[in-house]
4 protein chains.
Amino acid sequence: MENDTNTLRRLKTIEGHLRGVIRMVEEDAYCIDVIRQIQAVEAALNKVSSQILESHLNSCVITAIKGDDPKERERVLKEITEVFEMSTKV
Amino acid sequence: MENDTNTLRRLKTIEGHLRGVIRMVEEDAYCIDVIRQIQAVEAALNKVSSQILESHLNSCVITAIKGDDPKERERVLKEITEVFEMSTKV
Amino acid sequence: MENDTNTLRRLKTIEGHLRGVIRMVEEDAYCIDVIRQIQAVEAALNKVSSQILESHLNSCVITAIKGDDPKERERVLKEITEVFEMSTKV
Amino acid sequence: MENDTNTLRRLKTIEGHLRGVIRMVEEDAYCIDVIRQIQAVEAALNKVSSQILESHLNSCVITAIKGDDPKERERVLKEITEVFEMSTKV
């Protein structure tokens with residue numbers, strides 16, 4: 001994966017957010033507020049995943065499909081279906 | 001989309017499942033049992049979506065990427081990111 | 001579950017929506033459009049589940065918690081955690 | 001929220017997992033592997049949320065429902081529906 005500055009920045013922000021959630025638990029914050037913050041972390045992670053997928057489609061996937069190796073093409077397309085299917089479960 | 005017999009069969013099974021849920025509500029079934037059946041319907045719909053995406057990747061997407069129209073290629077890849085992002089929300 | 005007119009009406013609307021999706025597949029609609037409609041059906045099902053849970057909390061759950069049977073109370077609360085956990089997976 | 005040692009321990013493990021994801025991006029790991037690890041982080045977060053909800057139901061919610069304040073009871077039940085509804089979206 002190209003060392004995406006934007007992806008890194010977002011992930012580090014999410015790490016900070018998660019540390020905030022840990023602090024909330026340490027300080028006995030209200031359960032529902034903790035759950036809401038965890039859900040906000042997950043929404044941010046979903047956003048990052050979508051960005052990574054977008055950049056993957058526009059690089060590796062195009063290369064694989066234009067390439068001469070049918071096995072590689074099949075593999076790359078199968079992976080996309082797999083992460084899509086998993087995304088409906090998390 | 002190719003008129004996928006398998007997709008159609010699955011969707012009709014899900015329709016039958018959903019009618020069963022409606023009957024449960026009409027017959028005053030226990031709330032939690034109804035919610036569980038709705039969740040089962042959703043899991044089945046996720047499965048169908050993944051299948052449709054897989055067949056789409058192996059037809060339209062390959063054609064678009066191998067084709068000469070960069071706009072079309074861009075459009076097709078953008079759609080995949082969009083349904084992926086939406087899949088994390090439903 | 002109280003025979004909720006509103007829940008029934010929503011579920012029947014969703015059934016109509018799902019039949020529309022089946023028709024789309026029969027008529028070879030574009031894959032991505034089908035996936036989007038399936039996602040819309042799922043969003044609507046999520047909404048119905050939330051409504052059913054809300055009415056369940058305000059009836060059965062209150063009764064169980066105010067009641068004298070600790071086993072029943074435990075069971076009712078456990079079910080809520082279970083449907084919550086499942087909801088993160090579908 | 002009771003300062004739950006188990007919840008804290010899980011969240012700190014997830015924080016470590018997320019730092020691992022950041023390292024993967026820094027080291028140009030394969031996009032799909034990064035997405036899969038992000039999905040694993042989300043699955044772990046869902047698990048923690050369920051645990052927190054379970055402990056909340058067995059403490060605050062019981063207290064509120066047995067209490068004398070109908071407004072408080074209503075508020076507490078409304079929150080559960082809200083986090084349930086949100087859980088279907090992240």
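This report describes contacts between chains, symmetry relations and three individual residues in a predicted model.

## Interface of chain A and chain D

In the contact between chain A and chain D, 45 residues of chain A meet 45 residues of chain D. About 4300 Å² is buried between chain A and chain D, and carbon and sulfur atoms give 69% of that area. The interface of chain A and chain D also holds 6 salt bridges. One of the side-chain pairs joined in a salt bridge is Lys12(D) with Glu26(A), at 3.4 Å from N to O. Polar contacts across the interface of chain A and chain D come to 8 residue pairs, with both residues at pLDDT 80 or more.

On the side of chain A that touches chain D, the elements giving two or more residues are α1 (5–26), α2 and α3 (70–87) of chain A. The element that gives the most to this side is α2(A), with 18 residues. By class, the side of chain A that touches chain D is made up of 26 nonpolar, 7 polar and 12 charged residues.

## Symmetry of chain A and chain D

A turn of 180 degrees, with a shift of 0.0 Å along the axis, lays chain A on chain D with an RMSD of 0.0 Å. This is the relation of a two-fold axis. The residue of chain A that comes closest to the rotation axis is Glu42(A), whose C-alpha is at 3.0 Å. Both copies use the same surface, since 100% of the contact residues of chain A recur in chain D.

## Interface of chain A and chain C

Between chain A and chain C, the contact takes 6 residues from chain A and 6 residues from chain C. The two chains bury about 320 Å² between them, with 52% of it on carbon and sulfur atoms. Within chain A, the residues that lose the most area to chain C are Phe84(A), Thr88(A) and Lys89(A), and together they account for 69% of what that side buries.

The side of chain A that touches chain C has 3 nonpolar, 2 polar and 1 charged residues. Salt bridges across the interface of chain A and chain C number 0. The count of residue pairs in polar contact between chain A and chain C, both at pLDDT 80 or more, is likewise 0.

## Symmetry of chain A and chain C

Chain A is laid on chain C by a turn of 180 degrees and a shift of 0.0 Å along the axis, with an RMSD of 0.0 Å. Among the residues of chain A, Lys89(A) comes closest to this rotation axis, with its C-alpha at 2.0 Å. The same surface serves both copies here, as 100% of the contact residues of chain A recur in chain C.

Lys89(A) is also one of the residues of chain A that lose the most area to chain C.

## Ser49 of chain A

Ser49(A) belongs to helix α2 (residues 31–66) of chain A. Ser49(A) has a relative accessible area of 1% and is therefore buried, the cut-off being under 20%.

With neighbours within four places in sequence left aside, the contacts of Ser49(A) are Phe84(B), Ile35(D), Ile38(D) and Glu42(D).

## Leu45 of chain C

Helix α2 (residues 31–66) of chain C contains Leu45(C). Leu45(C) is buried, and its relative accessible area is 0%. Leu45(C) and Val61(C) lie 16 residues apart in sequence, and their C-alpha atoms are 22 Å apart in space.

Apart from neighbours within four places in sequence, Leu45(C) touches residues of chain B and of chain C. From chain B these are Leu18(B), Ile38(B), Val41(B), Glu42(B) and Leu45(B). From chain C they are Leu11(C) and Ile14(C).

## Arg73 of chain C

Arg73(C) is part of helix α3 (residues 70–87) of chain C. Along the chain, Arg73(C) and Ile62(C) are 11 residues apart, and 9.3 Å separates their C-alpha atoms.

Outside its neighbours within four places in sequence, Arg73(C) is in contact with Ala64(C) and Ile65(C) of chain C, and with Ile62(D) and Lys66(D) of chain D.

Conventions. Residues are numbered from 1 along each chain as its sequence is written. Chains are lettered from A and ligands numbered from 1 in the order in which they are written. This is a predicted model: local features need pLDDT of at least 70, side-chain atom pairs count only at pLDDT 80 or more; totals for chains, interfaces and linings use all residues. Side-chain values use heavy atoms; hydrogens and water are left out. Contact means heavy atoms within 4.5 Å. Buried area is the accessible area (1.4 Å probe) that two parts lose on being put together, summed over both. A salt bridge is a side-chain nitrogen of Lys or Arg within 4 Å of a carboxyl oxygen of Asp or Glu. A polar contact is a pair of N or O atoms within 3.5 Å; within protein, one must be able to donate a hydrogen and the other to accept it, and residues adjacent in sequence count only if both atoms are side-chain atoms. Ala, Val, Leu, Ile, Met, Phe, Trp, Tyr, Cys and Pro count as nonpolar, Asp, Glu, Lys and Arg as charged, and the others, Gly among them, as polar. Copies are superposed by least squares on the C-alpha atoms of residues with pLDDT of at least 70 in both. Helices (H or I, at least four residues) and strands (E, at least two) are DSSP runs, numbered from the N terminus. Buried means under 20% relative accessible area, exposed over 50%, partly exposed in between (1.4 Å probe, protein chains only).
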